[in-house]
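Work through the exercises below with the sequence and the coordinates at hand, and try each task before reading its solution.

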Amino acid sequence: MAKVSLRWVGEFNFVGVDSNRHSAVISGLPPDRSIGLKPAELLLLALGACTGYDVVNILTKKRQKLLGLEIFVSGEQDPEPPWAFRRIVVTYRVQGRGLDPKAVADAVRLSEEKYCSVAATIRGVARIEHRIELTEAE
């Protein structure tokens, strides 16, 4: 069972600690006074990190020459509370040598549909779309 904790540190700020004792500051303040990550954006970060881990793992097992991976996640939220995400777009910028486009596409699909717990949790509420940008390393 996953366990995390949060400690209020004043105003609308919290320090979150995961099961490995890593911490992050989380803030609900306006940008000019914020000292941490926005809670809703943490969800987008979690999705990107979860699928990214899987993609790296799958491509490594397929012996693909992965040299770089950047993931950009954007989400469209409802205009009214509770501002649920309805559409999330994940863009994978993948760099390598001789990467097989099908292997990369399969890794992304497997992560989003089978392995990523964050995607599985979000999928019932928000539509998740992805884009893949492949570049050959020099």
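The exercises that follow concern a predicted model, and they go from the overall fold to its sheets, its disulfide and its largest pocket.

**Exercise 1. Describe the order of helices and strands along the protein chain, and give the box that its C-alpha atoms fill.**

Begin with the count of elements: the protein chain has 3 helices and 6 strands. Next, put them in sequence order, which gives the pattern β-β-β-α-β-β-α-α-β. Finally, taken along the principal axes, the C-alpha atoms fill a box of roughly 50 × 35 × 35 Å.

**Exercise 2. Work out the strand order and the pairing of the sheet that contains strand 1, strand 2 and strand 3.**

Start from the pair of strand 1 and strand 2, which run antiparallel and are joined by 5 bridges. Two positions fix the register of this pair: Leu6 stands opposite Gly16 in strand 2, and Trp8 stands opposite Phe14.

Turn then to strand 2 and strand 3, which pair in the antiparallel sense, likewise over 5 bridges. Here the bridge partner of Asn13 is Ser27 in strand 3, while Val17 has Ser23 as its bridge partner.

Putting the two pairs together yields an open, antiparallel sheet of 3 strands in the order 1-2-3. Strand 1 and strand 3 each have a single partner strand and stand at the edges, so one side of each is left without a neighbour in the sheet. On average, neighbouring strands of this sheet are turned by 25 degrees against each other, with direction ignored.

**Exercise 3. Find which residues take a positive phi in the two hairpins of this sheet, and say how many residues lie between the strands.**

In the hairpin of strand 1 and strand 2, there are 2 residues between the strands, and Glu11 takes a positive phi near 45 degrees. Glu11, placed in the loop between strand 1 and strand 2, has this positive phi although it is not a glycine.

In the hairpin of strand 2 and strand 3, 5 residues lie between the strands, and Arg21 in the turn has a positive phi of about 70 degrees.

**Exercise 4. Establish the order of the sheet that contains strand 4, strand 5 and strand 6, and describe how helix 1 and helix 2 are placed against its strands.**

The strand order comes as the opening step: this open sheet of 3 strands has the order 4-5-6, and its pairing is mixed. The edge strands are strand 4 (65-77) and strand 6 (127-136), each of which pairs on one side only. Neighbouring strands in this sheet are turned by 15 degrees against each other on average, direction ignored.

For the pairing in detail, consider strand 4 and strand 5 (residues 85-97), which pair in the antiparallel sense over 12 bridges. Within this pair, Leu66 has Gly96 of strand 5 as its bridge partner. The loop between strand 4 and strand 5 contains Pro82, and a cis peptide bond, with omega of about 10 degrees, joins Pro81 and Pro82.

The helices come last. Helix 1 (residues 39-61) lies across strand 4, strand 5 and strand 6 and runs at about 150 degrees to strand 4. Helix 2 (residues 101-115) packs on the sheet, where it touches strand 5 and strand 6, and its direction makes about 155 degrees with that of strand 6.

**Exercise 5. Locate the disulfide and explain which parts of the chain the cysteine pair ties together.**

The structure holds 1 disulfide, which joins Cys50 to Cys116 with an S to S distance of 2.4 Å. The link is right-handed, with 135 degrees about the S-S bond. Because Cys50 lies in helix 1 and Cys116 in the loop between helix 2 and helix 3 (117-122), the pair ties together parts that are 66 residues apart in sequence.

**Exercise 6. Characterise the largest pocket by its volume, its lining residues and the strands that supply them.**

The volume of the largest pocket is about 190 Å³. Its lining consists of Val4, Ser5, Leu6, Gly16, Val17, Asp18, His22, Ser23, Ala24, Ile26 and Leu42. Sorting these residues by type gives 6 nonpolar, 4 polar and 1 charged.

As for their origin, strand 1 (5-10), strand 2 (13-17) and strand 3 (23-27) each supply at least two residues of the lining, and the largest share, 3 residues, comes from strand 3.

Conventions:
Residues are numbered from 1 along each chain as its sequence is written. This is a predicted model: local features need pLDDT of at least 70, side-chain atom pairs count only at pLDDT 80 or more; totals for chains, interfaces and linings use all residues. Side-chain values use heavy atoms; hydrogens and water are left out. On a 1 Å grid over the protein atoms alone, a cavity is a set of points where a 1.4 Å probe fits but cannot get out, and a pocket is an open set with protein on both sides within 12 Å along at least five of seven lines; lining residues have an atom within 4 Å of a point. Grid points are joined across faces, edges and corners, and a volume is the space filled by probe spheres set on the points. Helices (H or I, at least four residues) and strands (E, at least two) are DSSP runs, numbered from the N terminus. Ala, Val, Leu, Ile, Met, Phe, Trp, Tyr, Cys and Pro count as nonpolar, Asp, Glu, Lys and Arg as charged, and the others, Gly among them, as polar. Two strands pair if DSSP finds at least two bridges between them. Axes are lines fitted to C-alpha atoms, for helices over the stretch in contact, and angles run from 0 to 180 degrees between N-to-C directions. Contact means heavy atoms within 4.5 Å. A disulfide is a pair of cysteine sulfur atoms within 2.5 Å.
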